[in-house]
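Here is a short report on one chain and its ligand. Look over the sequence and the model before reading on.

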Amino acid sequence: MKVLIVGIGALGGTIAARAINAGVPVRLATRSTESAGVLRRSGLRVSGIGGDACAVSVDVAPVADYGKGDEFDLILLATKAQDALDIAPRLRPLLAPDGILLPIQNGGVARMLADRLGEDKVLGGFSNLGATMVQPGIYEQKNAGHLLIGELAGGESERADRVARELGRAIEVRVSPNLTGAIWSKLLINCSVTTLGALSAQTMRQYMETEAGRRMFCNTYAETLSVALAIGARPERLAVEPIPPGWDGNGPADGRYESWIDGIVAFYGDVKPSMLQDFERGRKTEIDFINGYVVSIARQCSVHTPVNAAIVETVHAITRGQLAPDPSLLELIMQASQ
Ligand SMILES: NC(=O)c1ccc[n+]([C@@H]2O[C@H](COP(=O)([O-])OP(=O)(O)OC[C@H]3O[C@@H](n4cnc5c(N)ncnc54)[C@H](OP(=O)(O)O)[C@@H]3O)[C@@H](O)[C@H]2O)c1
């Protein structure tokens with residue numbers, strides 16, 4: 001299988017280093033000629049969970065240098081979400097007739113790409129594998145996670161199994177017959193746990209100690225779940241069942257709800273959201289593909305999502321430098337969305 005990995009950052013670099021080390025013949029694409037030169041000289045090295053691996057000689061070029069004569073069976077798209085949307089149309093001509101684009105961003109990216117390029121060209125995927133880039137060429141794997149891939153339309157497929165077999169030589173890859181359900185399960189957590197942590201600059205355990213934090217979590221989760229169910233997605237179990245006990249279509253109406261929340265806090269209570277790092281480093285966030293994606297799908301199916309909409313606006317205001325992450329933002333968003 002001829003494989004191209006586009007975006008050699010934390011995740012792309014980690015996967016590329018493990019793939020080359022395992023003898024999978026991958027080629028790599030960076031954004032710029034300079035970064036390709038740096039990686040060609042440094043090679044790739046990954047440490048951390050999963051053990052050390054290195055690739056001394058890497059076949060890497062800027063993405064613009066790929067063109068005539070290049071044809072790939074699989075293009076793994078490991079850029080941030082907005083870059084994935086921007087670059088994907090230029091990658092399509094690089095696909096072999098049965099070639100597949102595999103985006104691994106969170107949220108709505110895979111669905112949006114499939115809508116633009118055709119479902120036959122796009123396999124859904126996202127990463128439960130966590131990694132950081134120490135510097136270009138040097139990566140650290142942070143957990144024993146895996147890539148989850150599958151058909152966005154659901155069901156089994158030969159091509160998903162084929163991709164899993166090939167990439168599975170390097171990293172753990174699982175195939176889901178309900179990938180869209182799995183994507184929405186992760187969205188439920190990203191929207192209501194990770195984004196709120198970034199806005200408040202607190203862990204979930206901390207903001208759930210406050211009245212506003214608790215109400216924000218409950219309302220954001222309820223809105224996101226209503227959208228998932230309205231489009232027929234079947235979210236899968238993560239740390240807890242995705243549908244709270246006693247769910248009546250709008251929110252919980254059952255005494256078991258509190259212990260269901262405790263299950264989420266036990267699992268995600270101490271996670272530091274990567275969006276908070278985006279704020280700290282003045283980088284653009286992926287909010288439009290997380291809570292923003294939920295809001296755009298909600299409009300199409302006439303579900304009301306005022307809390308998610310206010311979250312998106314607040315995140316953009318932070319990115320513009322008009323606000324700063326702070327616990328008080330959760331109360332402000334609650335008020336703005338009433
Ligand atoms: N890291 C994780 O643990 C993790 C876990 C789960 C999901 N994810 C998701 O996976 C995606 C990638 O995350 P990441 O942490 O690996 O991000 P990252 O470290 O920022 O890496 C993205 C890479 O893509 C490159 N890139 C951007 N535009 C490009 C283009 N047009 N052509 C070629 N390369 C391009 C960037 O290069 P420049 O530096 O030159 O812009 C950068 O090297 C994100 O959507 C993230 O949310 C990450």
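Which residues are buried in helix 11?

## Helix 11

This is a predicted model. In helix 11, the buried residues are Asn291, Gly292, Tyr293, Val294, Val295, Ile297 and Ala298. Helix 11 runs over residues 291–300, and 7 of its 10 residues are buried, so the rest of the structure largely encloses it.

The cover over these buried residues includes helix 6, helix 8 (211–230) and helix 12 (306–319). Serine 302 follows helix 11. Its phi is positive, near 55 degrees.

## Overall fold

The chain has 13 helices and 12 strands. Its C-alpha trace spans about 60 × 40 × 35 Å along the principal axes. The radius of gyration is 20 Å; a compact globule of 338 residues would have a value near 20 Å, so the two agree.

Of the 338 residues, 45% count as buried. Contacts often link distant parts of the sequence: among those with a separation of 6 or more, 68% join residues 24 or more positions apart.

## Two domains

The domain assignment splits the chain into domain 1 (3–176) and domain 2 (180–336). Their centres, taken over C-alpha atoms, are 28 Å apart. Across the boundary, 15 residues of domain 1 are in contact with 11 residues of domain 2.

Which elements give two or more residues to the side of domain 1 that touches domain 2? They are helix 3 (81–91), helix 4 (109–117) and strand 8 (124–127). By class, the residues on that side of domain 1 are 6 nonpolar, 8 polar and 1 charged.

## The nonpolar core

The largest nonpolar core holds 107 residues. Ile5, Ile75, Leu102 and Ile149 touch the most other members. Helix 6 (residues 179–200) gives the most to this core, with 12 residues. Why does the core lie between the domains? Domain 1 and domain 2 both give residues to it, so it lies between them.

Take isoleucine 5 as an example from this core. Beyond its neighbours within four places in sequence, isoleucine 5 is in contact with Gly12, Ile15, Ala16, Val26, Leu28, Leu76 and Ala78.

## Around the ligand

How many residues surround the ligand? There are 27, and the closest are Gly7, Gly9, Leu11, Asp83 and Gln105. The elements that give two or more residues to this shell are helix 1 (10–21), strand 2 (26–30), helix 3 and strand 9 (131–135). Helix 3 also gives two or more residues to the side of domain 1 that touches domain 2.

By class, the ligand shell has 12 nonpolar, 11 polar and 4 charged residues.

## Alanine 131

Alanine 131 is in strand 9. Is alanine 131 buried or exposed? It has 24 C-beta neighbours inside 10 Å, so it counts as buried; the cut-off is 20 or more.

Leaving aside neighbours within four places in sequence, alanine 131 is in contact with Ala10, Leu11, Thr14, Tyr139, Glu140, Gln141 and Lys142. One of these, Leu11, is among the residues closest to the ligand. Leucine 102 is 29 residues from alanine 131 in sequence. In space, the two are 18 Å apart, C-alpha to C-alpha.

Terms used:
Residues are numbered from 1 along each chain as its sequence is written. This is a predicted model: local features need pLDDT of at least 70, side-chain atom pairs count only at pLDDT 80 or more; totals for chains, interfaces and linings use all residues. Domain bounds come from an automatic or database domain assignment. Two residues are in contact if their C-beta atoms, placed from the backbone, lie within 7 Å. Helices (H or I, at least four residues) and strands (E, at least two) are DSSP runs, numbered from the N terminus. Ala, Val, Leu, Ile, Met, Phe, Trp, Tyr, Cys and Pro count as nonpolar, Asp, Glu, Lys and Arg as charged, and the others, Gly among them, as polar. A residue is near a molecule or strand if its C-beta atom, placed from the backbone, lies within 6 Å of it. The radius of gyration is taken over C-alpha atoms; the globule rule is 2.2 Å times the number of residues to the power 0.38. A residue is buried if 20 or more other C-beta atoms lie within 10 Å of its own, exposed if 12 or fewer, and partly exposed in between; C-beta atoms are placed from the backbone. A nonpolar core is a set of buried Ala, Val, Leu, Ile, Met, Phe, Trp, Tyr and Cys residues joined through C-beta atoms within 7 Å.
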